[in-house]
Amino acid sequence: MDLGNVASLSLFYPEIVLAGTILVLTILDLVVANKRAMAYLGLAGCLVALGATVDLYGTEPTLLFHRMVALDNFSLFFKVVTLAALVGAIWMSIGSGEVRQVHLGEYYIVLLTCGFGMFFMASANNLLMAYLGLELVSLTSYILTGMLPHNRRSAEAALKYLIYGGVASGTMIYGMSWVFGMAGSLDYATINAAMAEGGGNQIALFMAFVFILAGFGYKMAFAPFHMWSPDVYQGAPTPFTGFLSVASNAAGVAILIRFFYPAVSTLGQEGAWAFQALPALQWTDLLVALSIITMTWGNLSALNQRNVKRLLAYSGIAHAGYIMMGLVVLNNDGLNAMLFYVVVYLIMNLGAFLVVMIVANATGREDMDAYRGLAWRGAAFPAVCMMVFLASLTGLPPMAGFIGKLLLVAAIIEGQFYVLAVVAMINTVVSLYYYWRIVKTMFLDEPAPEDGPVAATASAMPLLGALMVLTIVLGVYWAPLLDYTTGSLGFFMP
Amino acid sequence: MLTEALTTSALLFVIGTFGVLVRRNAIIMFLCIELQLNAVNLALVAFSRYVGVEGQVFVFFVMTVAAAEAAVGLAIIISIFRHYRTVNVDNFNLLKW
Amino acid sequence: MTEHVLSYMVFFPLAGMLIVLCLPSDRHDLIRWVSAAATVPPLLLGIWLYANFDTTTTGMQFVERAAWIPAFNIEYYVGVDGLSVSMVLLTALLSFLCIFASWNIDKGVKGYFALFLLLDTGMTGVFVALDFVLFYVFWEVMLLPMYFLIGIWGGPRKEYAAIKFFLYTLLGSVLMLVAILALYFYSEPNTFDMTKLMDRSSLFSTEPLGMWPFNVWGWGFQHVVWMALFIGFAIKIPAFPFHTWLPDAHVEAPTAISVILAGILLKMGTYGILRINYPMLPEATADLAFWFLAALGAWNIIYGGLCAMAQTDMKKLVAYSSVSHMGYVMLGMAAFNTQGINGAVLQMFNHGTITAMLFLLVGVIYDRAHHRDIDGFGGLASIMPVYAGFTALAFFASMGLPGLSGFVSEVLVLLGAWPKYHALTIVAALGIVITAGYMLWMMQRVYLGPPNEKYRSLPEINGREIFTLFPLGVIVVIVGVYPRVVLDLLQASLNNINQMVIAHLS
């Protein structure tokens, strides 16, 4: 189905709810003195939007607004993920001491707008829409990163983010302009048809796709487009860092999959995809190399970090490399594993940043020394939760992260990429070392005399507990989530 | 015509990219990014002449986004200038390895 | 009740852990008794299992299966045969005794016993799991508690030892995971079911791969997978050159954890090779057994023995003696005949009991003197005669004195290995002399001679310590005199495993 502007609005209500919330908050910000209420309003808006999104399940796949936006299970999946990340981030922000310093009204407005942009990254069916979605997310992210007042790190991180982001998106649309020139359209279906005819110069096409990959990869923090991530993670307010690490990654995965699968590939027998017109062999090699470089670079750089947020940034780069493995195999099992990992990563990484926030609230520090003997300083529960999240990030059973990694590695072994599988597994062992340095500091080291007791932020405890329970439950019984991600692979095929 | 336009666009894009890599003044780097965007605009308009009007529409959006980016970017540059009294990126060294 | 006996054995300690977590953390004695109570049912069930085990069939017994993740054909599938039932018994016994050996832990008591019970669940689970994913999950579940048990309650270099243990074992297990997935996708239809994979062993190709270096060595898919699994298991055994985590972990770990490490965790390596490599990859086993099992085993015997001789720390000496004794297991199972393979598994059982005694005995003296320096003692036999008696029993069993259990298994291994590997058998026999050398030398320096005045007032071994040592001593003597109590359990299953490989021997 292919709907016009007015008819589309009837299937667009999650976005309308979210946009309405943003507008209401903007007006309230002008008239209401108590800004804390805005957090609860934002939270309510997200939950209503979540309900609306879930309500849309079962609708037949449709193209809205003259083929600009796709409504299918795939985009609904990423909308749910984005909203879940928003709910988590707002909940975190309520308890965060850092966020209390900023202009709260603007903070929540810009945060919700960032999530709104991610909706379009996930559902764009046109290069223009993809570009606009990505830019909306980028611009709001720059603002949120630089939002901490009188904070040099925050301002510096925002500037670095801006420069890297500007170059990446410039490179990306340069590639898009070439694709437009060769395919004759910005619409994914037309591009797909033109590729099927073998249109365009192969080398120019290859370069154009590499440029586009750079833009998308920058959102996911692939090496060598990852330079912004450690600085931004460290400089930005912690709740936003948590949101960025999971949601920006998820949106990057969404836009990448939607462009490289329905737009430029065809679905063959038994769920296997094939790139059209692209020299397939070179693509696969390029993706394998990118994946290996990304995970290895991320893990090796993380080894020496003393700042936990920065360490988690490098770990995020490594995880982008793991997720990338799913793209290499060109079949539905790989995509499924990627979606599964996105959900699992959302849960465990948000949890880890929540603990970082709790420690920062109590001590005002983010470096490793602030975690010394955390378990014996009155914060045993956050410490145990952190251990669970880190075990999950490492990929140890029975945590959800293990299942995510199992599915990814299973997909690439099925595709017979044994070298990639072994490299990924050795990377897991490397990552154990730096994750476990945190665990060692929390449990094995004795607190120094100057380390005071850590009072855990009360409002964050229910969220923390829920994330920990989810991490373990999904590690033992993951069939429902797997069914959900399998069901989310429905693309609107042109 | 198309070849000349695309060559110019490619040259502009390379100059822009090169500028970001070698210049150290944040405002100049930012201008180089704008140069990249203009290279893209030129390519889009040139292609549009042959394949359809969509490219010209894209150009309008790129211009709008560039304006928004300039607004945010200059705000950030001002905020960092307040801290450091300089916009030379080599001096911004709180965050590294 | 009886149809779920294995599940009860696996999950009773886990339930105990949950109860312990709910207890107030300052009621130390209550926590200890609850933990002890949680390990009693597995022990009783283990004895019941021993009594009701059908020694004549080769199939899996007491099988339970239930769908777990249907999309990948992953099942909750447990069962035992002769090989695993002996290990399950050993686990149940040592876990029970180690709770009492841990009685004097007084720092973080609640955490210690909770982690210990979790470890118990993981260990029992590994020996009964028959689904690969389940096996892997239990295998990894052991790592976390082990890390903390060494890292929090260990000696001065506990952090180094704990992370080293963790990194080595994880390296092995991720290679194992790749191998498991390769087997899964290679089998048609895809399955994680170990018994089905054993039946389909002929599916796994031995055609040399085109990739360097495998084309030079003539290795096929089966050989590469065999190697990936073998490295995972060799790290646990530990076989040279992957053994270096062992002395560190043993020296730093608290006594009970050393006992568990040496008594049970090391057995998992050889158990895995017999359970997975032998029946599933028989051709590769036949091709690679000489270098990677027999020759490496003999080298382990000599190398471990010589290292043990050079130690001045009693615990380190016992640790290296483990390296040496596990070499017999490797040599024995590479013999591919009844004596060899039965001897190997009997040696696994015996080493579990004897080394457990040795570590407990070292723990007893360490609790009193607070050091383990071999040269720092002297004449302990006249100060603590009962203690010295137990020590002598354990030392002689470890040396392989006739009438004690070590003798039976070592002789079986050597008898089995002789027809196939003459030179290696002679080398292995030399290992017995080396064992006698370091054991007697330690005996002489620590227990004989004039008593050291400094330790004149050391108290004699107490009732709780005797309680932990006595059952092990009884087993050592019984198995030494009448080894059929264990061998009868093993024979049918082991011969079955053996037959699968023999068909491929050239």
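This is a tour of two places where chain A meets its neighbours, chain C and chain B.

The model is predicted, so local features need pLDDT of at least 70, side-chain atom pairs count only at pLDDT 80 or more, and totals for chains, interfaces and linings use all residues. Residues are numbered from 1 along each chain as its sequence is written, and chains are lettered from A and ligands numbered from 1 in the order in which they are written.

**Stop 1: chains A and B**

Select chains A and B. Here 30 residues of chain A are in contact with 33 residues of chain B (contact: C-beta atoms, placed from the backbone, within 7 Å). On the chain A side, helices H7 (127-145), H8 (152-183) and H11 (228-235) each supply at least two residues. Helices are DSSP runs of H or I, at least four residues, numbered from the N terminus. H8(A) has the largest share, 17 residues. By class, this side of chain A has 16 nonpolar, nine polar and five charged residues. Ala, Val, Leu, Ile, Met, Phe, Trp, Tyr, Cys and Pro count as nonpolar, Asp, Glu, Lys and Arg as charged, and the others, Gly among them, as polar.

**Stop 2: H8(A) on H2(B)**

Keep H8(A) and add helix H2 of chain B, residues 26-51. Their axes are 9 Å apart, at an angle of about 15°. Axes are lines fitted to C-alpha atoms, for helices over the stretch in contact, and angles run from 0 to 180 degrees between N-to-C directions. The two helices are therefore roughly parallel (under 35 degrees; over 145 is roughly antiparallel, 65 to 115 roughly perpendicular, the rest oblique). Their crossing is left-handed, meaning that the near helix is turned anticlockwise from the far one by less than a right angle; clockwise would be right-handed. Residues to show include Gly166(A), Gly170(A) and Tyr174(A) in H8(A), and Ile33(B), Val40(B) and Phe47(B) in H2(B). This contact divides into 16 nonpolar, five polar and no charged residues.

**Stop 3: chains A and C**

Now select chain C with chain A: 25 residues of chain C and 22 residues of chain A take part in the contact. Which helix gives the most to the side of chain C that touches chain A? H7(C) does, with 13 residues. That side of chain C has 22 nonpolar, one polar and two charged residues.

**Stop 4: H17(A) on H7(C)**

Select H17 of chain A (400-414) and H7 of chain C (158-186), which pack at about 55° with axes 9 Å apart. That angle makes H17(A) oblique to H7(C). Their crossing is right-handed. Val409(A), Ala410(A), Ile413(A) and Glu414(A) meet Leu177(C), Val178(C), Leu181(C), Ala182(C) and Phe185(C). Eight of these residues are nonpolar, none polar and one charged.
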